[in-house]
Every structure is written in C-alpha cells, then in structure tokens.
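Here are my comments on the model, set out as numbered points for a colleague who will read them with the structure open.

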Amino acid sequence: METKIFLKYTIYRIMSALFLSVFFAVYICVPVYADQTMDDKIKESSQYVYNMNDNPGYTDIWNVIALKRYGYELSDEYTGLFYKNIVTYLKQKDWNITSTTYSDYSKIILGLTAVGVDARDVAGHNLFYYLSDFKNVAKQGINGVDYALIALNSNDLYEISINADATVQNSEDMMIEYILGKELDGGGWALSGTSADSDITAITLIALSSYYGSDDKITAAVDRAIDVLSLLQQDDGSYKARYTGQSVKTAESCAQVLTALSALGIDGKKDARFVKDGKSLIDALLSFSLEDGSYSHVLEGDTNNIATTQAFYAFVSYYRMIENKTFLFDMSDVALVSGEDIEIEEVSEDYETENDTQNEGTVKDEEVDASQDDELSKIESPSVDATINTDLTKENTDENTEKEDDTATSGWQFSGEDYLIDEDDENIMMTDNEHNNNIVIIIGIAAAIAGAGYAFIFRDNAAGNNQ
C-alpha cells in the first residue's frame, strides 16, 4: 500500500512539475512581445510581401530589405533575379537614374546591401559616387540628405566617394550639419513650413540614430524630436500624415515613427511617452491590419501595398530591436561581395514605365527650386561650417511648398490613388492586462492540478490508514 501511494504521489508531482515547466517556458522564457497575435501578423505580412512580385526589381527594394532583415528564406534564384533587375535598370538609364531625387541611389544602395552586394562595386560602379556631390543630394531637401546618410551608415565599410568634378564635395559631417541646421524651433523637422511633420522627423531620427549618445549636439536634437513625436501622437496611439491639404491618420506615418523609435532603442509598445489612453504605437499600427496580412493606408480602407510594405518593415525593425540585433538599415552584420557585371537583355516598355513611376510621393523634377543652384555654388570647400545650414539649399517657394504638402512626406510613401477616410480603432493585439490575466489563469490551473494531485494522495493515505 505504501508503494502504491508513493507511486501516485510521484506521478502527480511529475504532472504538476511538467505543467509548471510548460507555463514558465511559454510565459517567462519567451519575451512578452512575441505574443501569438503579433507573431502571426508579422508572419502573415512576410508571406504577403513575398507574394507581391515574383520578379523583384527596383520597385520592390523595400520589400526585399524587409524580408531579408526579417530572416525570410529567400532563394539564391530570387536574390539573383533582384540583382539582375537592379543592374538592368541602372544600365538602361546609363547609370544616371535621376537629376533631382538622388535618394533613388540611396535606396538602391540599401537594397543591394541587404542581399550582400557591396554598393561600392556594382558591375564595376561605385554607387556612392552618385552621392558625392552635395549639391545633387540636397536638391531634394532634407529627405535626400537623410537617406544619403542612412545609406552611408548601412555598412561600416562604406564612405562617400571623392569626386573632383563635384560642385560641392559631399561628406558625412556636411550632411549631419545640414540636417541639424534644418531643425525647427521647438524640435523636429519638416520638408517645409514651421510645424514638425511626424514622417520627416522620424526619417531624420533614423538618419541620426547612428550618432545618438555619442555626440552631445546630435543627442540633444534627437531628444527634442522624441518629445515632439510624443506630442504629435494621437489619443489612439496613431499619427497623422499631411497630404492633399489634409491631416489624416495613416499606417505609413505610424510605421515611420515605429521604425525611428526602434532605431533609437525605444520600445513602441511599452515606453510611456508613446502610449496614449492605454493605446500604444504598435496597437495603432495593428489597427490598420487586414486579415490577409496586408495593411490599409487609412482605417477601414482596402489593401495598400505601400502601407503593407512600410508596416512590415516597421515591425521587422521592432523585432530586431527587441532581439538585440542590429537595426533594420544597419547592415554591418551582412557580409558583402562585389556585384558581378551582367549582360542586359531588352527591357520591356512596361518595366521601364513601372520603374519610372515608382517615385510617386517624392519631390518631382518640376518641383525643385532652381534657386538652389546659386546658393549651393557659393560653397567652395567640403569643410563643415555652421553657415551652410542657413544659406544652403533654400526650401521651395510658396507655390512649390504647396505642392510638397500634396506629396508623401516619407519619400516613397503614398501612391496617387484616392482614399476614403473612415474611423475604426479596433485593436487586434493582446494588451498587457490581458496577458497578465492569462498568466493568473494559468497559474490557477497549475495550482489546481497540483492541489488535486495532493488531495488524491492524502485520500489514499487516509484510506490506507483506515484499513
């Protein structure tokens, strides 16, 4: 009888221990951010983004970056086709893909770096040569300079090329000083005007994130911008974008801010500065998600590929931060090899048209202020001077400023389609309170199982004594 009771005691003890072990493995060892809802959403989005195009090229750069940085298994055939299409596009344009929006080169640098191609040697061309003239980079305003600095810092091996023919030799210091000189009174940045814009402020923070904490001047400017972004956040945790003369809550604006915060190591779900009325920035971004893994541009809108791409890479940047990996655009962890030359094939007119129109949302050729040329030509030395920021690259005229407000402020943000603005703030993400409640329930269940086991033991023991 004692042997029987001992065996029962051992069985129930093992059952209780196993159940508690499972509980601690799931709820203690796995970080809170990896709850089932959010994990499922990012997996769904990764598959949706991958399926957007089986012939990836210039228009798919952000998708390829996000997929690679997420850890999605891309075949050599897929990345090889991507490289071939990029080089084909560059060669078709004779490597001169723009005369105004030089952030296009920055974008290509980031895309190729993500797949392990050294942007200093792409079929024998150093893409940083096209960012070596500060006059060209700054034609786009702060947006162009932001992305050039992001591209420069995407790998430790990169540096701006020396260009003897440059009107103004570009440099890392020059771009930093220019950006700092564009800071608005009270903090933050914008393409134009005196009010900080969440999208441009976020992108600028990404550009400066590499220097945060190591340079007092930059750190102070970043801290002011963080405070501004906290103030700009809406009561439901979202952000508004300026376009077509309106201020509308968009997935893209939320995505840009989440990406910027992740670059700075700030948790967009938990940091109190970015939680309003119990709604975090992540809650807000998830409110734009759709069942198939895509995202809408506005609440209750239809699937929008640009919104989907930006939401996906924002969550990738957040996951990488939580997992203590390098930032989304900090690809110093990627081994680089030179990009081989290829024989290009005849490219269809549709392919060229598709790539030429992908820049909707950027400052168009006719929107660039010609007066910038005179101001830029006044600089005779690559050395950094504080006066650069007030004299260099004047913002667009009033007429052009109105046009800028009609464009997407994040560079490659919105397409030209019309949107219906509806209101829906249903949150699909499990809150911390719900998570804590589940923990309490599981602990209760575990305790009940353990208690039941001991109750049977005591019952049998008592029965044995009576016998």
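**Notes on the predicted model**

1. The protein chain has 18 helices and 6 strands, and the model in which they appear is a predicted one. Of the 467 residues in the chain, 54% are buried. Among the contacts with a separation of 6 or more, 76% are accounted for by residues 24 or more positions apart. The chain exposes about 20900 Å², and carbon and sulfur atoms supply 49% of that area.

2. A search of the whole structure for salt bridges finds 11. One of them joins the side chains of Glu44 and Lys41, with 3.5 Å from N to O. Both residues belong to helix α2, which covers residues 36–50, and they are 3 residues apart, about one turn of the helix. The two partners should be described separately where burial is concerned: Glu44 counts as partly exposed because its relative accessibility is 32%, whereas Lys41, at 9%, counts as buried, since the cut-off for that class is under 20%.

3. Another salt bridge is formed by Arg69 and Asp333, whose closest N and O atoms are 3.1 Å apart. This pair links distant parts of the chain, with Arg69 in helix α3 (residues 61–70) and Asp333 in the loop between α13 (305–322) and β6 (337–339), 264 residues apart. Arg69 has a relative accessibility of 6% and therefore counts as buried, while Asp333, at 44%, counts as partly exposed.

4. The side chains of Lys91 and Asp341 also meet in a salt bridge, at 2.6 Å from N to O. Lys91 lies in helix α4 (residues 76–92) and Asp341 in the loop between β6 and α14 (349–356), so this salt bridge ties together parts that are 250 residues apart in sequence. Lys91 itself is partly exposed, its relative accessible area being 25%. Elsewhere, salt bridges with shared partners join Arg69, Arg320 and Asp333 into one network, and the bridge between Arg69 and Asp333 is thus best read together with Arg320.

5. Turning to the aromatic side chains, the count comes to 16 aromatic pairs. For Phe134 and Tyr178, the ring centres are 5.5 Å apart and the planes stand at 75 degrees, so the pair is edge-to-face. These two residues link distant parts of the chain, Phe134 being in helix α6 (residues 134–137) and Tyr178 in helix α8 (residues 172–181), 44 residues apart. Both Phe134 and Tyr178 are buried.

6. The rings of Tyr295 and Phe315 are arranged in another way: their centres are 6.4 Å apart and their planes are at 45 degrees, so this pair is tilted. Tyr295 is located in the loop between α12 (281–286) and α13, and Phe315 in helix α13, 20 residues apart, so that the pair is again one that links distant parts of the chain. Tyr295 is buried, with a relative accessible area of 1%, and Phe315, at 3% relative accessibility, counts as buried as well.

7. Two further features involve aromatic rings. Ring pairs link Trp62, Tyr147, Tyr313, Phe327 and Phe329 into a cluster. In addition, the charged end of Lys107 sits over the ring of Tyr58, 4.7 Å from the ring centre.

8. Which backbone angle of Asp277 is positive, in a residue other than glycine? The angle is phi, with a value near 50 degrees. Asp277 has its place in the loop between β4 (275–276) and β5 (279–280), and it is exposed, with a relative accessible area of 65%.

9. Glu300 likewise has a positive phi, of about 65 degrees, although it is not a glycine. Glu300 is found in the loop between α12 and α13, and this is also the loop that holds Tyr295. At 47% relative accessibility, Glu300 counts as partly exposed, whereas Tyr295 is buried.

Key
Residues numbered from 1 in each chain as written. Predicted model: local features only at pLDDT ≥ 70, side-chain atom pairs only at ≥ 80, totals over all residues. Heavy atoms only, no water. Salt bridge = Lys/Arg side-chain N within 4 Å of Asp/Glu carboxyl O. Helix = DSSP H or I, 4+ residues; strand = E, 2+ residues; numbered from the N terminus. Buried < 20%, exposed > 50% of the residue type's maximum accessible area, 1.4 Å probe, protein only. Phe/Tyr/Trp six-rings, centres within 6.5 Å; stacked < 30°, edge-to-face > 60°. Lys NZ or Arg CZ within 6 Å of the ring centre and 35° of its normal. Contact = heavy atoms within 4.5 Å. Areas by Shrake-Rupley, 256 points an atom, 1.4 Å probe, with all protein chains shown as cover.
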